[in-house]
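Student: I am new to this model. Please take one part of it, look at it closely, and then follow the links that lead on from there.

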Amino acid sequence: MIRKFTRREFLKLSSIAIGAAALPTLSPSDLRLGQTLTRLGRVTIRKARVISRPNPRGELVTYKERDEVLEIYRAVVGEGFYPHNHVWIEIPEGYIYSSWVQPVKNDPQPPMASIPADGLYGDICVPYTDARTAADPKAEIIYRLYYSVVLKVKSFKTGIDGAIWYEIDDENLFDTYWVQGQHIRPIQPDEVTPISPDVTDKRLVANVEDHWLSAYEGATEVFRTRIASGATFFEPDGSQRAAITPGGAHPIWSKRVSRHMEGGTPTNGYDLPGVGWVSYFASNGAAIHSTYWHNDYGRPRSHGCLNCNPEAAKWLFRWTTPEVEYIPGTITVTWPGGTRVEIEGTPPPLDDDQGG
């Protein structure tokens, strides 16, 4: 039996459809999105609200749990939960705040038939995969690895499930771990080649007040991206711990294609394997690098580093000096170092909701 709508129900549904159509749709590469929009997204927080319209005052429809993979229709501009971001993602059930969604792809790769003696780099090409102690889908899980994580592959073998598994070379662990081969996309050497290597007057300017980073060749801005800078964290006893990005001008002194980052305090610590496209610029270890654990650019979120989306971090890595060869994938230089990073602006006031 086909249900007939009353006139009142029909008018209500029509107004919702017209209102949704009237919302400004963002292009996939709009800078307000942080990372380029894809057709899939992964929830990055423990529980994310799905709302009937792109506004915190909309009706609650449902919740999405951490690591749920969502079908994305489009991105629209509404009214954000926080003033730094007013972009929402439309999914089949309604709207979800874009700061809570990492754009991802599901693009399994054919496993490689050989691995060079010096290894190779690759990035996770699916929403997430589990790294295990052995080439066995039932082995103990060491880490959950997310889309765009960058790793160094040292060898491969056929697992007990008949699939190809890659052995990962992690500089922070005494023992290696294994990842399904089809979940890693090999990074080719030409993806690390320098951009504009003949330009000598390069500099980066990062403003920690409005959270934009620009690349200049002379007086010409050639690249711009949103960032998340150092935040202030609150301990359980209410005390504050600042992790502010250091101001002033600093040369890039070390770079790594991939880095396992660990640090912080027992209550506000972090353990992040496979952080990609790392460019260290300050003596306290602050760096420009890729971010996979949030899509929340435009406010303080880091422990002092400049968080960028993966595409931007990779571009900056290639454009800045010193230049890095694919193997070994890392370089450290002495003073005067490479491209200057100029940190401008005054960090926002302390805020107990600045994230982690």
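Tutor: What follows starts with one sheet, then turns to salt bridges, two loop residues and the nonpolar cores.

The model is predicted, so local features are described only at pLDDT of at least 70 and side-chain atom pairs only at pLDDT 80 or more, while totals for chains, interfaces and linings use all residues. Residues are numbered from 1 along each chain as its sequence is written, and side-chain values use heavy atoms, with hydrogens and water left out.

The sheet is open and has three strands in the order 4-1-8, with antiparallel pairing. Here strands (E, at least two residues) and helices (H or I, at least four) are DSSP runs numbered from the N terminus, and two strands count as paired if DSSP finds at least two bridges between them. Strand 4 (69-71) and strand 8 are the edge strands, each of them pairing on one side only. From one strand to the next, the twist averages 35 degrees; the axes behind that value are lines fitted to C-alpha atoms (for helices, over the stretch in contact), and angles between N-to-C directions run from 0 to 180 degrees.

Take the two pairings in turn. Strand 1 (residues 40-43) is joined to strand 8 by four bridges, and the two run antiparallel. Within that pairing, Arg 42 has Gln 102 of strand 8 as its bridge partner. Strand 1 and strand 4 are linked by three bridges, again in the antiparallel sense, and there Leu 40 has Glu 71 of strand 4 as its partner.

Strand 8 covers residues 101-104, with Val 101 and Pro 103 pointing one way and Gln 102 and Val 104 the other. These four residues are all buried, where buried means under 20% relative accessible area, exposed means over 50%, and partly exposed lies in between (1.4 Å probe, protein chains only).

Arg 42 leads on to the charged side chains. It belongs to a network of salt bridges that also links Asp 67, Asp 130, Arg 132 and Arg 144; a salt bridge is a side-chain nitrogen of Lys or Arg within 4 Å of a carboxyl oxygen of Asp or Glu. By this rule the model has 18 salt bridges. In general, side chains of opposite charge can pair when their charged atoms come close.

One salt bridge joins Glu 79 and Arg 57, at 2.8 Å from N to O. The pair connects distant parts of the chain, 22 residues apart: Glu 79 is in strand 5 (residues 74-82), and Arg 57 is in the loop between strand 2 (47-51) and strand 3 (60-65). Glu 79 counts as partly exposed because its relative accessibility is 31%, and Arg 57 counts as exposed because its value is 55%. Another salt bridge, at 4.0 Å, joins Glu 68 and Lys 64. Glu 68 is partly exposed at 29%, while Lys 64 is buried at 11%.

The loop that holds Arg 57 is also where Asn 55 lies. With a relative accessible area of 9%, Asn 55 is buried. A polar atom of the Asn 55 side chain lies 2.8 Å from the backbone nitrogen of Arg 57. Not counting residues up to four places away in sequence, Asn 55 touches Glu 79 and Trp 88, contact meaning heavy atoms within 4.5 Å.

On the other side of strand 8 in sequence, Gln 109 sits in the loop between strand 8 and strand 9 (120-124). Gln 109 is buried, at 18% relative accessibility. Its side chain reaches the backbone oxygen of Asp 107 at 3.0 Å. Leaving aside neighbours within four places, Gln 109 is in contact with residues including Cys 125, Gly 181 and Arg 185.

Last come the nonpolar cores, each a set of buried Ala, Val, Leu, Ile, Met, Phe, Trp, Tyr and Cys residues joined through side-chain atoms within 4.5 Å. The largest has 57 residues, of which Leu 145, Phe 281 and Ile 288 touch the most other members. Apart from this core lies another of 21 residues, among them Leu 26, Leu 33, Val 87 and Tyr 97.

Terms used. A polar contact is a pair of N or O atoms within 3.5 Å; within protein, one must be able to donate a hydrogen and the other to accept it, and residues adjacent in sequence count only if both atoms are side-chain atoms.
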